[in-house]
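Me: Please take a close look at one part of this protein, its nonpolar core, and tell me how that part sits within the chain as a whole.

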Amino acid sequence: MNDLIALSAPWWVFVLRAALVFVGVMVLIRMSGKRAVGQFTPFDLVMLILIGNAVQNGMNGGDNSLTAALILSVTLVSLNWLTAFITSRSKTAEREIEGKAVVLARDGRLLPDVLRKELVSKADFREAMRENNIEEVDRIRVALLETNGKISFETLDS
């Protein structure tokens, strides 16, 4: 019974490990680009599962107690809340953590270099157009890759 609650290290070690892994994974996800986050494919799901598995021991240090699991969970939820709190109050923090919208098309013209840089294929762009009932690129005033990975459109007739 003691194995269920006894920690193998001081509580603060788990908090520190969780915080470091949280920041590290956030940086990696931020580096992967907006589209990778916004368009969740089966490949992305596999990567998410594998990343979770890869960082698990880094967080718990081999401690499988319920106490360590609760400390890690509370730390991760708290860090997530803190990140949301900070980004809701600071435009600079929001821009650094979440990024900013990127123009993919303007005045009826796609920007192929930007699409390539942001890892948005022409097929993905066309799919987003279809989802927004836009038949021709010529109708687009501006298309933005939002910070959540979705593509939003403003048409010439709106």
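Reply: Happy to: here is the setting, then the core, then the residues around it.

A word on the ground rules before we start. The model is predicted, so local features need pLDDT of at least 70 and side-chain atom pairs count only at pLDDT 80 or more, while totals for chains, interfaces and linings use all residues. Residues are numbered from 1 along each chain as its sequence is written, and side-chain values use heavy atoms, with hydrogens and water left out.

Let's begin with the overall setting. The protein has eight helices and four strands, where helices (H or I, at least four residues) and strands (E, at least two) are DSSP runs numbered from the N terminus. Read from the N terminus, the order is α-α-α-α-α-α-β-β-α-α-β-β. The radius of gyration is 21 Å, whereas a compact globule of 158 residues would have a value near 15 Å; the radius is taken over C-alpha atoms, and the globule rule is 2.2 Å times the number of residues to the power 0.38. Along the principal axes, the C-alpha atoms fill a box of roughly 70 × 35 × 25 Å. Of the 158 residues, 28% count as buried. Here buried means under 20% relative accessible area, exposed means over 50%, and partly exposed lies in between (1.4 Å probe, protein chains only). Among contacts between residues at least 6 apart in sequence, 62% join residues at least 24 apart, a contact being heavy atoms within 4.5 Å.

Now for the core itself. A nonpolar core is a set of buried Ala, Val, Leu, Ile, Met, Phe, Trp, Tyr and Cys residues joined through side-chain atoms within 4.5 Å. The largest one has 15 residues, and those touching the most other members are Phe-125, Met-129, Ile-140, Ala-143, Ile-151 and Phe-153. Two or more residues each come from E1, helix H8 (122-131), strand E3 (140-145) and strand E4 (151-155). There is also a second, separate core of seven residues, with Phe-14, Ala-18, Val-21 and Ala-68 among them.

Phe-125 is a good place to stand and look around. Leaving aside residues up to four places away in sequence, Phe-125 touches Leu-104, Ala-105, Leu-110, Leu-115, Val-120, Ile-140, Ala-143, Ile-151 and Phe-153.

Two strand residues help to fill in the surroundings. Arg-106 belongs to strand E1 (residues 102-106) and counts as partly exposed because its relative accessibility is 43%. Beyond four places in sequence, Arg-106 touches Ile-140, Arg-141 and Val-142. Thr-155, in strand E4, is buried because its relative accessible area is 11%. With the same sequence neighbours left out, Thr-155 touches Ile-134, Arg-139, Ile-140 and Arg-141. Ile-140 and Arg-141 therefore appear in the contact lists of both Arg-106 and Thr-155, given that contact means heavy atoms within 4.5 Å. The C-alpha atoms of Arg-106 and Thr-155 are separated by 9.7 Å, with these positions 49 residues apart along the chain.

The loops on either side of H8 each hold a residue worth a look. Leu-119 sits in the loop between helix H7 (112-117) and H8, and its phi is near 65 degrees, a positive value in a residue other than glycine. Leu-119 is exposed, with a relative accessible area of 57%. Asn-133 sits in the loop between H8 and E3; this residue too is not a glycine, yet it has a positive phi of about 55 degrees. Asn-133 is exposed as well, at a relative accessible area of 63%.

Finally, a few distances tie the core region to the rest of the chain. Asn-64 lies in the loop between helix H4 (42-60) and helix H5 (66-89) and is exposed, at 65% relative accessibility. From Asn-64 to the core residue Ala-143, the C-alpha distance is 48 Å, for a sequence separation of 79 residues. Arg-116 is in helix H7 and is exposed at 57% relative accessibility. The C-alpha atoms of Arg-116 and Asp-44 are separated by 19 Å, and these two are 72 residues apart along the chain.
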